Every structure is written in C-alpha cells, then in structure tokens.
Amino acid sequence: MKKIVVLVSGKGSNLQSIIDACQQNRINGCIAAVFSNNAEAYGLQRAEQAGIPAHCINPKSYADRISYDTALFQAIDQYAPDLVVLAGYMRILSPEFVQHYDGRLLNIHPSLLPKYPGLHTHRKAIENGDKEHGTSVHFVTEELDGGPCILQAKVPIFAGDNEEEVIGRVQAQEHRIYPLVIGWFLDQRLVMKDNTAVMDGKVLPPQGYAAE
C-alpha cells in the first residue's frame, strides 16, 4: 500500500479529511506518520486517535532552517513515503527539503493562486472586495506557493461576510478536493514534469484540472 506522511502545524482539519478518506478507501493508501513543528498542534492528537505515529520536531533545537529541515526529512524517510503532504504546515521549507521530495510534495493553499500567496488570504480577499475566493492544491517547488496548480475550488464572498464565514466556506472545499488530488497522485494519474502538473498524460492549465 502506498504511504503518505503529513505535516501539520495546527488544528489539522485537512489531516482529518485525509484520515477519513483513507479509512473509507477513497484514497488507495495510508498515512504512515504525521509530523509537526508545534507540540500543541491538535493535528498530532488527531493522528494519535487514529492510531497513526505522531511526532513533533522542535525548531528551537536546531541552529537554522537547513539543519531543522534535514533532521525532519531524515525522520520522515524512516517511513519511506510515496508522498509528503503539507496540511496547514506553517513553516517555509528550505530548498534542500523541497528538492529532497521533488515531484512528491503537495500543499493546499487558501486562495485561488496565483492570487494571494502567503498569509491572511481570506482577509485580503474581503478587504479587496472580491466576489469569489477559494483554495488551490499544488505541487511544492522552491517558489513560495508558486508550484504548478493541480485543482482549485471556488466559493462566493457575500456582502457582509466576516472572515470566519469565508474560512468555513473555503475549508469545506479543501476537505473535498485535497483527498481527491492525493488519490490521483497515489493512483499514478498525476505527476509533476518540467515544472508542470500532468494529469492522465495531459499538461494541466495554469489554474489546474477542470479550470474554466
């Protein structure tokens, strides 16, 4: 069975959606381990409740990002993952880490990339008067939130919406599309080639699969 390692920093709601999809056989694979940079991350408890090995590696124990990321990927490699999934992992990865998992590292970002890379995406969308917002699953490259997009989901922003309402709407879509993309990858339908996402042998457009 194909093996997934998931990295989390917080509540782990996307992790839970992946756990559920594996248990329901919607993903042809299993989560071999969960890692976090935050000992208080609720995602670690979710992993433990599902019987998944859960580890915290404290960045404060390392001199710099490269030494931390090296220790992290050496620990991850003990599980020989086919895929490494970022699910609310809030550290910027070193080029060395990204290169180590080149082509088998996925992230989900709460915006319609390339719009709003980085933090506070929901707030920016509201403040800018956007009528729609969403989420993007993409391959991870050395460019922050800049790897080739695989799949996006859009949600409306209504007049009077607050940030929490928009976040809830976006997360509902994240929980739907992230397990779907992970399944595509583990079924060998999806690969990264020449810095593009390729699905069923066809290069995906810049906004990913089924883009309008």
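This report walks through the overall build of the chain, its salt bridges, and the surroundings of one helix and one alanine.

We're looking at a predicted model, where local features need pLDDT of at least 70 and side-chain atom pairs count only at pLDDT 80 or more, while totals for chains, interfaces and linings use all residues. Residues are numbered from 1 along each chain as its sequence is written, and side-chain values use heavy atoms, with hydrogens and water left out.

**Overall build**

The chain has 6 helices and 10 strands; these are DSSP runs (H or I, at least four residues, for helices; E, at least two, for strands), numbered from the N terminus. Its radius of gyration is 17 Å, which agrees with the value near 17 Å for a compact globule of 212 residues. That radius is taken over C-alpha atoms, and the globule rule is 2.2 Å times the number of residues to the power 0.38. Along the principal axes, the C-alpha atoms fill a box of roughly 45 × 40 × 35 Å.

Of the 212 residues, 48% count as buried. Buried means under 20% relative accessible area, exposed over 50%, and partly exposed in between (1.4 Å probe, protein chains only). Take the contacts with a sequence separation of 6 or more: 63% of them come from residues 24 or more positions apart, a contact being heavy atoms within 4.5 Å. The accessible surface is about 10,400 Å², and 49% of that belongs to carbon and sulfur atoms.

**Charges and salt bridges**

There are 19 positive and 24 negative side chains, with the centres of the two sets 3 Å apart. Lys and Arg count as positive and Asp and Glu as negative, leaving out His and the chain ends; each charge is placed at NZ of Lys, CZ of Arg, CG of Asp or CD of Glu.

How many salt bridges does the structure hold? The count is 5, using a side-chain nitrogen of Lys or Arg within 4 Å of a carboxyl oxygen of Asp or Glu. Among them are these:

| Acidic partner | Basic partner | N to O distance |
|---|---|---|
| Asp130 | Lys115 | 3.3 Å |
| Glu132 | Lys154 | 3.8 Å |
| Asp161 | Arg169 | 2.7 Å |

The bridge between Asp130 and Lys115 links distant parts of the chain: Asp130 sits in the loop between α5 (121-127) and β6 (132-139), and Lys115 in the loop between β5 (105-109) and α5, 15 residues apart. Asp130 is buried at 14% relative accessible area, whereas Lys115 is partly exposed at 41%.

In the bridge between Glu132 and Lys154, Glu132 belongs to β6 and Lys154 to β7 (residues 149-156), so the pair ties together parts 22 residues apart in sequence. Glu132 is partly exposed at 39%, and Lys154 is partly exposed at 42%.

As for the remaining pair in the table, Asp161 is buried at 13% and Arg169 is partly exposed at 24%.

**Helix α1 and Ala125**

Helix α1 (residues 13-23) has several buried residues, including Leu15, Ile18, Ile19 and Cys22. What covers the buried residues of α1? The cover includes β1 (2-8), β2 (29-36), α2 (42-49), β4 (83-86), β5 and α6 (163-186). After α1 comes Asn25, whose phi is positive, near 60 degrees.

Ala125 is in helix α5 and is buried, with a relative accessible area of 0%. Setting aside neighbours within four places in sequence, Ala125 contacts Tyr116, Asp130, His133 and Ile157. From Ala125 to Lys115 the C-alpha atoms are 9.2 Å apart, with the two positions 10 residues apart in numbering.

Technical notes. Areas by Shrake-Rupley, 256 points an atom, 1.4 Å probe, with all protein chains shown as cover.
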